[in-house]
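Colleague: Could you take a close look at one chain of this model and go through how its parts are divided and how they meet? A connected account would suit me better than a list.

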Amino acid sequence: MDIRYTAEHEWVAIEGNQATIGITDHAQRALGDLVFVQLPNLGSVLTRGAIAAVVESVKAASDILAPVSGSIVAVNPATVAEPALLNSDPMGAGWLFKIDMSQPEQIQQLLDADSYARINS
Amino acid sequence: MAAEGIAGVNTLELPLHALHVAAGAQMAAFAGRLMPIHYPLGILGEHRHTRASAALFDVSHMGQIRLRARSGELRDAALALERLVPVDLLSLRPGRQRYALLTTASGGVLDDLMIANLGDCFYLVVNAARIAQDLAHLERQVSDVCDIEVLTDRVLLALQGPQAVDALAELLPQASSMRFLDAGSFELDGAQGVVTRSGYTGEDGFEISLPADRAAPWVARLLANSTVQWAGLGARDSLRLEAGLCLYGHELTCDTTPVEAALEWAMQPARRSGGARPGGYPGDEVILSQLSRGAARRRVGLRPVGRPVREGACLFEAAAGGEPVGHVTSGTFAPSAQCPIAMGYVPVALATVGTLLYADVRGQRIPVHVSGMPFVPPRYHR
C-alpha cells in the first residue's frame with residue numbers, strides 16, 4: 001500500500017481507487033489528548049481542500065481537510081466513541097474515513113514519506 | 001535566567017525549571033514565564049490524577065505580595081485594603097483566607113486575588129499577568145498606610161486532590177488540622193513557608209509558598225510519595241473550568257463587573273448597602289446598584305451538545321440567523337464530567353438553567369444549554 005502525507009499532517013493510504021485518511025503521529029503529539037471526533041456523512045461528495053472531519057483535543061480544534069476529491073465510502077465510528085484511538089494508534093485503529101477518488105491523479109501532489117519527514121524536521 | 005520565548009520576547013524561567021524539564025514537561029511561555037503546560041502523562045491524565053489522587057502544580061508565576069500596616073495594627077491595613085475591594089476584610093480573622101476582587105472606577109474587575117490574614121500582615125496572591133497593574137494600584141491607593149512588599153525569589157506550589165492532605169501531612173503534620181481557606185506561616189525544613197488550604201481545581205488541597213532556594217528538596221520529598229504527580233497549566237485550566245471558577249482575562253476583565261460575573265457571594269453584607277461599611281471602593285456606585293437591582297447580563301455555565309465550543313464563540317437564540325446575544329469566555333471537553341462544558345455571558349433573561357442557545361463554531365450552530373455550576377461537585381474540606 002502506498003502511503004502519502006499532507007502538509008496539514010494527514011496520512012493518505014492509497015489502495016486502488018480508494019484513499020484512507022487519518023492524522024499522523026506528529027499531529028496527535030502536537031494536539032495532545034483527543035476528546036472529540038466528527039466524521040463526514042457516508043456518501044457525501046467532497047472536493048480537495050474541503051473540511052471533511054473535525055478533531056478536537058483538550059487544547060484545540062483542528063479541521064481535517066479532504067486531501068483528494070471524491071465521495072465518502074466508509075467512516076470509522078470507533079474514533080467517535082473513543083477519540084483516544086487517534087493518540088494510541090493514529091495510523092491504524094485511529095483511521096478516520098475512506099474516499100473513493102474522483103481524480104486519482106491528485107495523489108501526485110501529496111507528499112511522500114521523505115518529504116513529509118523534512119517538513120517536520 | 002532568561003530563555004528566548006515563543007513570541008521572541010525574553011521569558012523568565014521558573015526557579016524549578018530544571019526539575020520540570022527533567023520530568024519531561026512541555027514548556028510554553030505564559031505571562032512572561034516559561035511554564036509547564038503538561039508532562040508525559042498528558043492533560044487528560046493529569047486532570048484525572050488530580051481528581052483521584054494528588055497533583056503538584058508549580059504556579060510560581062503568580063504574584064505574591066505582603067502588606068503590613070506601618071502603625072503595626074493589622075486593622076489599619078484591612079481598612080486600607082477595603083478601599084480597593086468590595087470585600088469585608090475587617091472580619092477576616094488571623095489564619096483565614098478569602099477570595100477578593102480589585103475593582104475599577106467603572107465597576108469592572110482589575111484582578112481577582114486571594115487575601116490571607118497571617119496575623120501580622122496580609123498575604124496576597126494575584127494573577128501573573130496582572131502583577132504590574134495590581135502593584136501600581138496598591139502603591140497609589142494604600143502606600144500611605146501600608147508597606148507593600150512583593151515576594152520575589154519564592155516558589156508557589158499547589159498540591160491538589162483527595163490525597164493532598166495525607167501527602168502534605170507527612171512533611172507538615174499541622175496540615176491535616178487545617179480547614180478550607182485556613183492559612184498560616186510555617187517552618188518547613190528550616191525555611192519560612194506560607195501554607196493555605198485552598199486551590200483552583202475544586203478539590204481539597206493546599207498552596208505552599210517557599211523560598212526558591214529551599215524548594216527543590218521539598219518538592220523531591222513530596223514527589224517521593226507515590227500518590228503525588230506533576231500536573232501542568234493545561235490540566236489546571238480544565239480543572240478550574242469544571243469547578244466553575246473564573247479565569248482572569250476570560251470570565252473576568254476590566255469590562256465585567258463582579259455582579260455580571262455572578263460573584264455576589266464574594267461581597268459580604270458589611271460592604272453592601274445597609275451594611276457597616278457599604279461601598280468605599282472603586283466603582284462602588286455601579287456595583288451596589290447592580291447588587292440591589294441586578295445586572296443586564298450574567299456569567300453562566302454552558303453545556304454544548306455533541307462537541308466542544310471554544311472561547312470567543314458567539315451565542316445566538318436561534319439555530320440560524322439573528323444577532324449574537326452573548327459569547328463564550330472559556331470552553332473545553334471536561335475530562336471528569338465527560339462532556340463538553342463552557343462558560344459565557346448572556347442577557348439575564350436567557351440566564352435561566354435549561355435555556356437553549358446556539359454557539360457559532362465556524363459557521364455551524366452548536367446547541368448549548370445554560371447549566372448550573374460547578375460542573376463537578378466541589379470537595380473542599382470545610
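Modeller: In this predicted model, chain B is divided into domain 1, which takes in residues 2-61 together with 153-242, domain 2, which covers 63-136, and domain 3, which covers 264-371. The C-alpha centres of domain 1 and domain 2 of chain B lie 23 Å apart, and across the boundary between these two domains 14 residues of domain 1 of chain B are in contact with 11 residues of domain 2 of chain B. On the domain 1 side of that boundary, the elements giving two or more residues are β11 (154-160), β12 (183-188) and β13 (191-196) of chain B, with the largest share, three residues, coming from β12(B). By class, the domain 1 residues that touch domain 2 of chain B divide into five nonpolar, six polar and three charged.

Turning to the strands towards the end of the numbering given for domain 3, strand β20 (residues 356-361) of chain B pairs in the antiparallel sense with strand β17 (residues 314-316) of chain B over two bridges, and here B:Leu315 stands opposite B:Ala359 in β20(B). Strand β20(B) also pairs in the antiparallel sense with strand β21 (residues 364-371) of chain B, over six bridges, and in this pairing B:Val361 stands opposite B:Gln364 in β21(B). The two strands β20(B) and β21(B) form a hairpin with two residues between them, and B:Arg362 in the turn has a positive phi of about 45°.

Definitions and conventions: Residues are numbered from 1 along each chain as its sequence is written. Chains are lettered from A and ligands numbered from 1 in the order in which they are written. This is a predicted model: local features need pLDDT of at least 70, side-chain atom pairs count only at pLDDT 80 or more; totals for chains, interfaces and linings use all residues. Domain bounds come from an automatic or database domain assignment. Two residues are in contact if their C-beta atoms, placed from the backbone, lie within 7 Å. Helices (H or I, at least four residues) and strands (E, at least two) are DSSP runs, numbered from the N terminus. Ala, Val, Leu, Ile, Met, Phe, Trp, Tyr, Cys and Pro count as nonpolar, Asp, Glu, Lys and Arg as charged, and the others, Gly among them, as polar. Two strands pair if DSSP finds at least two bridges between them.
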